Amino acid sequence: MEFVFTAVGEALYEGECELRYRVLREPLGYGRGDVAFPFEDVSLHLVAVDDDAVVGCVLFRPDGEHGGRLFQMAVAPSRQGQGVGRQLVLHLEAHLRARGVQRIELHARQHAIPFYERLGYACFGEPYVEVGIPHRHMARSLG
């Protein structure tokens, strides 16, 4: 498996969007058009590729010089529980540290909170509903 940064319009981006749709949007009843965000082109797109297929992805949107938001973390159901998500986050964090990013925030679905806690993220603020399901704000310092 390899970890590769891709971008809007590149071949791996299409596989990333399909994975995001299948894992994050389709189960909630959303359509394919609900996958892309207006800030896709200014976000980092890291994908896990195995046998030429995108099996995981995570995106990061910079917000200022030293921080930003991790979003759209997805791993193919057949690869969940195998460390793909953990490796994606660790690769992304290493890249961001090298760029001087000091803080990452994210919106975690309730069921994903333990995953992010194991990676050093902590909840802040009150629970809320986003895309129709419970979420929590989480953050981690890279310092």
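# Close-up views of a predicted model

**View 1. The lining of the largest pocket mixes three classes of residue.** By class, 17 of the lining residues are nonpolar, 9 are polar and 7 are charged. Please keep in mind, here and in the views below, that this is a predicted model. The space in this largest pocket comes to about 680 Å³. Its lining counts 33 residues, and L24, M73, H111, A112 and Y116 are the ones nearest the centre. At least two lining residues come from each of α1 (11-25), β4, α2, β5 and α3. Strand β4 is the biggest giver to this lining, with 7 residues. How can one tell where empty space is left? Rolling a probe the size of a water molecule over the atoms shows it.

**View 2. The largest nonpolar core brings helices and strands together.** This core is made of 26 residues, and L70, M73, L88, L96, Y116 and Y121 have the most contacts inside it. Two or more core residues are given by each of β2 (44-50), β3 (53-62), β4 (67-75), α2 (84-98), β5 (103-109) and α3 (113-118). Helix α2 holds the largest share, 5 residues. Apart from this core there is another one, of 9 residues, with L24, V54, A74 and A76 among them.

**View 3. L88 and the residues it touches.** Which residues does L88 contact, once its neighbours within four places in sequence are left aside? They are F3, L46, V47, A48, G56, C57, V58, M73 and A74. L88 is also one of the residues with the most contacts inside the largest nonpolar core.

**View 4. Strand β3 pairs with both β2 and β4.** With β2, β3 pairs in the antiparallel sense over 7 bridges, and here V47 stands opposite C57 of β3. With β4, β3 also runs antiparallel, joined by 6 bridges. On that side F60 has L70 of β4 as its bridge partner. Most of β3 is covered, since 7 of its 10 residues are buried.

**View 5. Two hairpins, each with a positive phi in its turn.** The hairpin of β2 and β3 has 2 residues between its strands, and D51 takes a positive phi near 50 degrees there. In the hairpin of β3 and β4, 4 residues lie between the strands. The turn of that hairpin includes G64, whose positive phi is about 90 degrees.

**View 6. D51 and Q72 each have a positive phi without being glycine.** D51, which is not a glycine, has a positive phi of about 50 degrees, and Q72, also not a glycine, has one of about 55 degrees. Where does each residue sit? D51 is in the loop between β2 and β3, while Q72 belongs to strand β4. Are they buried or exposed? D51 counts as exposed because its relative accessibility is 74%, above the 50% cut-off. Q72 counts as buried because its relative accessibility is 10%, under the 20% cut-off.

**View 7. F124 and its contacts in and around strand β6.** F124 lies in strand β6, which spans residues 122-130. With a relative accessible area of 31%, F124 is partly exposed. Not counting residues up to four places away in sequence, F124 touches R103, E105, R136, H137, M138 and A139. For another sense of its place, look to R69: the C-alpha atoms of F124 and R69 are separated by 14 Å, and the two are 55 residues apart along the chain.

Methods. Residues numbered from 1 in each chain as written. Predicted model: local features only at pLDDT ≥ 70, side-chain atom pairs only at ≥ 80, totals over all residues. Heavy atoms only, no water. Core = buried A, V, L, I, M, F, W, Y, C linked by side-chain atoms within 4.5 Å. Buried < 20%, exposed > 50% of the residue type's maximum accessible area, 1.4 Å probe, protein only. Contact = heavy atoms within 4.5 Å. Pairing = 2+ DSSP bridges. 1 Å grid on protein atoms, 1.4 Å probe; cavity = no way out; pocket = protein on both sides within 12 Å on 5 of 7 lines; lining within 4 Å. Points joined across faces, edges and corners; volume = space filled by probe spheres on them. Nonpolar A, V, L, I, M, F, W, Y, C, P; charged D, E, K, R; others polar.
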